[in-house]
Amino acid sequence: MRVLTGIQASGKLHIGNYFGAMKPMIARQEENELFTFIANYHSLTTSKDADTLKQYTLDAAIDYLSIGIDPEKTTFWIQSDVPEVLELYWILSKFTPMGLLERAHSYKDKVAKGISANHALFSYPVLMAADILMLDTEIVPVGKDQIQHVEMTRDIATKFNNEYGEIFTLPEHSVEAEVATIPGIDGQKMSKSYGNTIDLFMEEKALQKRCNKIISSSTPLGEAIEWEEDNVFALASLFLDKRGKLELQARYMSGKEGYGHFKKYLKELIWEELAEAREKREYYLSHQDEVHDILAMGAKKAQTIAQKKMTKVKEAIGL
Ligand code: ADP
Ligand code: TRP
């Protein structure tokens with residue numbers, strides 16, 4: 001199966017991103033033909049300045065490589081390095097009814113949040129359709145908020161195919177099964193916008209400090225702690241198998257340990273989980289040429305497919 005994921009680079013990655021999006025994606029590369037790109041044309045719709053966009057793009061590439069994108073298995077590139085996608089975007093615009101775009105939730109949500117309503121933001125789903133259709137994508141793993149965009153892609157492709165023949169593959173969305181919402185240090189959904197994240201790549205001391213800030217109740221030492229409602233428990237259990245969870249429950253109920261112990265334990269779990277990623281990240285940070293080479297190799301591969309597709313598309317429509 002050909003699977004495509006697009007990553008919006010918008011700053012530091014956190015534990016919520018890691019379990020909700022990154023880990024499941026990495027797992028997919030074992031069985032599928034995975035294509036992954038950093039969606040910097042899309043990020044332009046919310047970008048503040050050139051340096052930040054550039055930095056976020058490179059940071060995301062390094063972070064994703066560090067947590068396990070294998071460039072031997074996965075085609076990994078930066079969206080703007082395959083500019084054919086913009087050509088397709090224009091062509092697909094002709095097959096995109098205004099009403100379809102006007103119904104997009106994501107656009108309305110973004111405008112409601114104060115992002116300026118411009119044409120790029122409005123036509124964002126058409127560019128996403130071009131990303132997907134350009135590569136004959138079969139599966140698009142997405143969060144719930146992006147399902148509508150994949151449905152719009154199918155609508156656009158169907159309209160094109162009806163008029164000009166079976167040029168585009170109709171993609172299916174896939175929502176990761178039961179990745180529960182991961183709580184932040186205040187118990188709400190972990191999100192950059194709530195300032196409640198635990199970031200993936202922190203210094204060890206800062207990580208412990210952050211874990212210490214997790215809001216918990218104040219059961220005195222010597223009493224059993226209710227693990228069911230506890231944020232530290234919820235976060236720690238992400239790293240544990242069934243047996244590990246049972247053991248941690250027993251420790252909560254024994255009354256012999258307090259929140260301080262469990263916060264230390266959580267920090268150790270996070271630190272250990274990311275040991276290999278940290279090492280790789282150090283490596284890539286000091287070998288950025290290699291990162292650029294990997295991205296260039298991915299762009300070349302994606303571009304070869306894209307150019308073939310564009311030849312067919314243009315032939316079909318008379319360009
Ligand atoms: P943020 O809310 O911090 O801005 P993003 O919207 O950039 O995060 O999230 C990117 C992806 O990471 C999402 O599509 C989602 O799959 C995953 N993700 C983010 N936060 C969480 C969370 N708290 N729980 C589970 N998954 C999450
Ligand atoms: N819109 C997606 C998001 O915000 C990112 C994205 C751009 C994407 N193009 C894509 C995702 C193509 C999947 C396929 O998360």
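Visitor: Into which domains is the protein chain divided?
Guide: Good place to start, and keep in mind that this is a predicted model. One of the domains is written in two pieces, 2-181 + 288-317, and this is domain 1. The other is domain 2, residues 202-273.

Visitor: How many Å separate the centres of domain 1 and domain 2?
Guide: The centres are taken over C-alpha atoms. The contact between the domains takes 4 residues from domain 1 and 4 residues from domain 2. As for the centres, they are separated by 37 Å.

Visitor: Why does the largest nonpolar core lie between domain 1 and domain 2?
Guide: Let's look at who is in this core of 53 residues: I15, Y64, I67, I198, L200, L266 and I270 have the most contacts inside it. The largest share, 7 residues, comes from helix α3. The core lies between the domains because residues are given to it by both domain 1 and domain 2.

Visitor: Leaving aside neighbours within four places in sequence, which residues is I67 in contact with?
Guide: I67 is one of the residues with the most contacts inside the largest core. With its neighbours within four places in sequence left aside, its partners are Y18, M22, I26, L200, F201 and A277.

Visitor: How many residues does the second, separate core have?
Guide: Among its members are Y89, V142, A306 and V313. The size of this second core is 43 residues.

Visitor: Which element gives the largest share of the shell around ligand 2?
Guide: The shell includes L4, G6, Y124, M128, D131 and I132. Two elements give two or more residues to it, β1 (2-7) and α7 (119-134). The largest share is 4 residues, and it comes from α7.

Visitor: Which side chain has a polar atom 2.7 Å from a nitrogen atom of ligand 2?
Guide: Let's go through the candidates. For D131, the distance from a side-chain N or O atom to a nitrogen atom of ligand 2 is 2.8 Å, and for Q146 it is 2.9 Å. The side chain at 2.7 Å belongs to Y124.

Visitor: How much of the accessible area of ligand 2 does the protein cover?
Guide: On its own, ligand 2 has 370 Å² of accessible area. The part covered by the protein is 88%.

Visitor: And for ligand 1, which residue has a polar backbone atom 2.7 Å from an oxygen atom?
Guide: The surroundings of ligand 1 include N17, I182 and K192. N17 uses its side chain, with an N or O atom 3.1 Å from a ligand oxygen. I182 has a polar backbone atom 2.9 Å from a nitrogen atom of the ligand. The backbone atom 2.7 Å from an oxygen belongs to K192.

Definitions and conventions: Residues are numbered from 1 along each chain as its sequence is written. Chains are lettered from A and ligands numbered from 1 in the order in which they are written. This is a predicted model: local features need pLDDT of at least 70, side-chain atom pairs count only at pLDDT 80 or more; totals for chains, interfaces and linings use all residues. Side-chain values use heavy atoms; hydrogens and water are left out. A nonpolar core is a set of buried Ala, Val, Leu, Ile, Met, Phe, Trp, Tyr and Cys residues joined through side-chain atoms within 4.5 Å. Buried means under 20% relative accessible area, exposed over 50%, partly exposed in between (1.4 Å probe, protein chains only). Domain bounds come from an automatic or database domain assignment. Contact means heavy atoms within 4.5 Å. A residue is near a molecule or strand if one of its heavy atoms lies within 4 Å of it. A polar contact is a pair of N or O atoms within 3.5 Å; within protein, one must be able to donate a hydrogen and the other to accept it, and residues adjacent in sequence count only if both atoms are side-chain atoms. Accessible areas come from the Shrake-Rupley method with a 1.4 Å probe; for residues, only the protein chains shown count as cover.
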